[in-house]
Structure formats: C-alpha cells, structure tokens
Amino acid sequence: MILITGGAGYIGSHCALALLNRNEKIVIIDNLDNGHIETINALKNIGNVEFIKGDLKNKKDIEFIFKNFDIDTLMHFAGYIQVEESTQNPSKYYENNIIGTINLLNTMVEYNVKKIIFSSTCAIYGEPEYLPIDENHPKNPLNPYGKTKLIIEEMLDDYDKAYDIKSVRLRYFNVAGADCSAGIGEWHQPETHLIPNILKSVFEKEKIFNIFGNDYDTFDGTCIRDYVNVEDLACAHVLALEYLKKENKTECINIGTSQGNSVKEIFDTVKLISGKNIPVEFKPRRAGDAAKLIADTKKARKILNWEPAHSLHDSIKSAYLWEKSKLARLNFDV
Ligand code: UFG
C-alpha cells in the first residue's frame with residue numbers, strides 16, 4: 001500500500017488519482033491546512049481511498065498509519081510551499097517541512113519501509129548559472145522554502161547511506177492544469193500562483209491582475225517559466241514508482257517541459273481561452289523571482305521514459321474549466 005502525504009493538495013491529489021487509476025491501494029494523510037476535504041471526497045468518488053486527517057509533526061499520527069496499514073512505499077507531498085511567506089515566517093517552514101519529514105523517515109526506519117518518492121522543486125537551484133537547468137546545476141536556494149526542500153534531499157542521502165532508504169526526488173518546475181473530470185485542481189488560499197491569479201481576474205468582477213515586472217532581460221520583459229501539466233507530472237510519479245521498484249536506486253530528476261513561456265504569453269493564452277478582457281497592471285518585480293527558469297529534462301526522458309503529453313494550451317484550458325466549476329460549486333456567480 002502507498003502512503004501519500006499531502007494527498008488533499010494540488011499535486012498530491014493528482015498523483016493519488018493516477019495511482020487509483022492503476023488500482024493501487026492508497027492511504028492519504030493530510031492535516032487539511034492547505035488541502036481540502038472536497039478533494040478527498042472527489043477522490044473517494046473514483047476509488048477506494050483511506051484518509052487520515054493527521055499532521056506529520058505528530059509522530060503518533062504517522063505511527064498510527066504504519067501500524068494499521070501495510071505500507072511499502074511513500075509519496076511525500078506534504079509541506080508548506082509559499083516562497084514569500086517562507087521568507088517572513090521561516091520557523092513555520094523549518095518546523096513543518098523538516099520536522100514532519102524527520103518523523104516520516106524515522107517511522108520508515110522503524111517499520112522497515114525503504115522506498116519514497118519526494119516532491120522536490122526547482123527552487124533548490126536558486127538563480128540559474130546556465131540554462132536549461134540540469135540536475136547537476138549548483139544548489140543555492142534563495143528562500144527558506146527552497147532551503148527546506150534541499151535539506152530534505154540531503155537528509156534522504158544520509159538515510160539512504162545509513163538505512164538503505166531509496167528515494168526518487170522529482171524536482172518540479174512550474175505546475176499547471178487540472179483534471180476537471182475528476183473534480184480536482186489547483187486551490188490555494190491565499191493564491192499566489194500565476195495562472196490561478198489570472199483566472200481570478202477572469203471570474204471576479206473588476207479584479208485587476210498584476211504582472212510583477214516587465215523590465216526583465218527576456219524577449220517581452222516578463223519572467224519566463226517552464227510550465228508542466230499536472231497530469232503529466234502525476235504520470236512521472238507513477239513511472240518513478242516503477243523505476244524505484246525495478247531499479248531500487250536513488251535519483252534526482254527534473255520534471256518540466258524544456259520550454260519556456262513568459263508571464264505575458266500565459267496572460268494572453270488565458271485571455272484567448274476565456275474570451276474575456278482581463279484588467280491588467282504592471283507592478284514592480286516580486287522579490288526573489290529569477291528572470292528565466294527552464295528545465296533540462298533529458299534525464300526524465302532517459303531513465304523514466306517520460307514525455308510531457310499535454311500542451312500549455314491544454315493546461316490553461318483545464319485550469320480555466322476547473323476554476324469555473326469550483327466557483328460554481330462554491331455558489332459564486334460565474
Ligand atoms: N506572477 C505575476 N503575477 C501574479 C503571480 C505570479 O506576474 O499574480 C509571475 C511571477 O512574478 C513569476 C511567474 O508569474 O514571474 C510565475 O510565478 P508563480 O508564483 O506562479 O510561480 P514561481 O515561479 O514563483 O514558483 C514556482 C512554484 C514554487 C517554486 C518555484 C521555484 O510555484 O513552488 O516555482 O522557483 F518554488
């Protein structure tokens with residue numbers, strides 16, 4: 001059985017869905033701080049999901065699961081993810097992300113569970129020294145959020161050496177889209193991410209969308225990111241699971257598309273898909289934003305045999321449909 005931490009969140013729920021579609025047995029632990037019970041209910045409509053409301057900071061919550069379910073593999077998504085908040089409140093990030101993971105890994109050691117797929121991030125690389133960014137790029141995270149993810153990767157190395165715990169760390173670039181047919185999607189409170197924020201301006205009357213910086217050294221002055229579809233990302237997790245079972249080897253793997261799109265291009269695509277005129281203003285640069293982040297994804301293609309299947313247009317269209325359906329369910333006028 002696979003234990004999914006943070007399975008009520010955006011990426012965790014899409015990976016849970018991919019596992020359900022393969023008839024894997026899953027149990028989810030989530031404290032519902034950022035995850036949503038509606039997401040768990042949507043997953044329960046699709047397959048057999050065990051859900052435990054619990055917190056990784058309480059080791060007893062984790063032990064309860066290991067005692068009561070036959071766990072052989074973990075997918076670890078739980079963690080706080082807001083870059084700016086992490087600079088203002090680092091203690092929240094170190095406490096939750098690091099202590100939660102220590103509890104998780106120590107319980108794995110106690111119960112002799114040896115495989116974990118870890119949700120890492122391109123934020124561990126920091127300001128790029130070259131593009132595209134490969135897995136050997138220097139690691140200089142710019143904020144406590146990225147530092148917690150790097151510390152966990154380093155912990156995983158030590159737990160591998162000492163306790164033979166093997167991990168695949170998937171380093172995501174920017175994730176986009178939703179599986180609307182399953183009723184799950186991106187849902188953060190507060191929302192800081194680009195595509196959901198543009199969509200808020202589509203659906204909320206007179207809400208101005210802010211573009212942070214139009215004086216970057218890029219072709220149109222706005223930041224460039226590599227947007228990978230969330231269903232493609234979930235597929236990478238399934239392949240990582242197969243890899244881990246077959247090869248029993250620790251790996252770090254970038255997951256992106258190797259293509260960059262500017263904030264303005266994303267904005268224009270949302271405008272096209274929604275058919276709405278979205279009010280927009282240019283604002284100063286957001287602290288800590290790199291001008292360009294693009295993944296080198298040769299390793300994912302080679303060792304996982306993974307290829308992104310969805311276009312950027314697909315991702316934005318599904319994000320649009322998800323936002324619309326979510327607001328309709330929450331009884332907003334859309
Ligand atoms: N942006 C805007 N307006 C908004 C929101 C974002 O212009 O309202 C811009 C940002 O300044 C940035 C780009 O859109 O240039 C993308 O921003 P996101 O917040 O969507 O994503 P980030 O690139 O900041 O963050 C992503 C992940 C993080 C991860 C980080 C690594 O969401 O979890 O990449 O750099 F840490």
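A polar contact here is a pair of N or O atoms within 3.5 Å. By that cut-off, the backbone of F212 reaches the ligand: one of its polar atoms is 3.0 Å from a ligand oxygen. Welcome to a quick tour of this predicted model, starting at the ligand and moving on to the parallel sheet and a few unusual backbone spots.

**Polar contacts of the ligand**

- The side chain of D289 places an N or O atom 2.5 Å from an oxygen atom of the ligand.
- For H193, the distance between a side-chain N or O atom and a ligand oxygen is 2.8 Å.
- How much of the ligand does the protein bury? Of the 690 Å² that the ligand exposes when taken alone, 90% is buried by the protein.

**The shell around the ligand**

- There are 21 residues around the ligand, and those that come nearest are H193, N210, R225, R286 and D289.
- Sorted by class, this shell holds 12 nonpolar, 6 polar and 3 charged residues.
- Two elements, α7 (194–203) and β8 (209–212), each give two or more residues to the shell.
- Strand β8 supplies the largest share, with 4 residues.
- F212, the residue with the backbone contact at 3.0 Å, falls within the range of β8, 209–212.
- Both domain 1 (2–176 + 227–255) and domain 2 (194–225 + 258–328) contribute to the shell, with at least three residues from each.

**The parallel sheet**

- Which strands build the open sheet, and in what order? Its 7 strands run β3-β2-β1-β4-β5-β6-β11, and their pairing is parallel.
- The sheet ends at β3 (49–53) and β11 (251–255), edge strands that each pair on one side only.
- On average, neighbouring strands are turned by 20 degrees against each other, with direction ignored.
- As a general reminder, strands of a sheet pair through backbone hydrogen bonds, in a parallel or antiparallel way.
- At one edge, β3 pairs with β2 (residues 26–30) in the parallel sense over 5 bridges.
- If you want a place to start looking at this pairing, I26 has V49 in β3 as its bridge partner.

**Backbone spots to look at**

- In general, most peptide bonds are trans, and most residues other than glycine have a negative phi.
- The bond between L131 and P132 is cis, with omega at about -10 degrees, and P132 sits in the loop that runs between β5 (115–121) and α6 (144–163).
- Another cis peptide bond goes from Q189 to P190, where omega is near -5 degrees.
- P190 belongs to the loop between β7 (174–176) and α7, and α7 is one of the elements that give residues to the ligand shell.
- What is the sign of phi at L32, a residue other than glycine? Phi is positive there, near 60 degrees.
- L32 lies in the loop between β2 and α2 (37–44).

Note on methods. Residues are numbered from 1 along each chain as its sequence is written. This is a predicted model: local features need pLDDT of at least 70, side-chain atom pairs count only at pLDDT 80 or more; totals for chains, interfaces and linings use all residues. Side-chain values use heavy atoms; hydrogens and water are left out. A residue is near a molecule or strand if one of its heavy atoms lies within 4 Å of it. A polar contact is a pair of N or O atoms within 3.5 Å; within protein, one must be able to donate a hydrogen and the other to accept it, and residues adjacent in sequence count only if both atoms are side-chain atoms. Accessible areas come from the Shrake-Rupley method with a 1.4 Å probe; for residues, only the protein chains shown count as cover. Ala, Val, Leu, Ile, Met, Phe, Trp, Tyr, Cys and Pro count as nonpolar, Asp, Glu, Lys and Arg as charged, and the others, Gly among them, as polar. Domain bounds come from an automatic or database domain assignment. Two strands pair if DSSP finds at least two bridges between them. Axes are lines fitted to C-alpha atoms, for helices over the stretch in contact, and angles run from 0 to 180 degrees between N-to-C directions.
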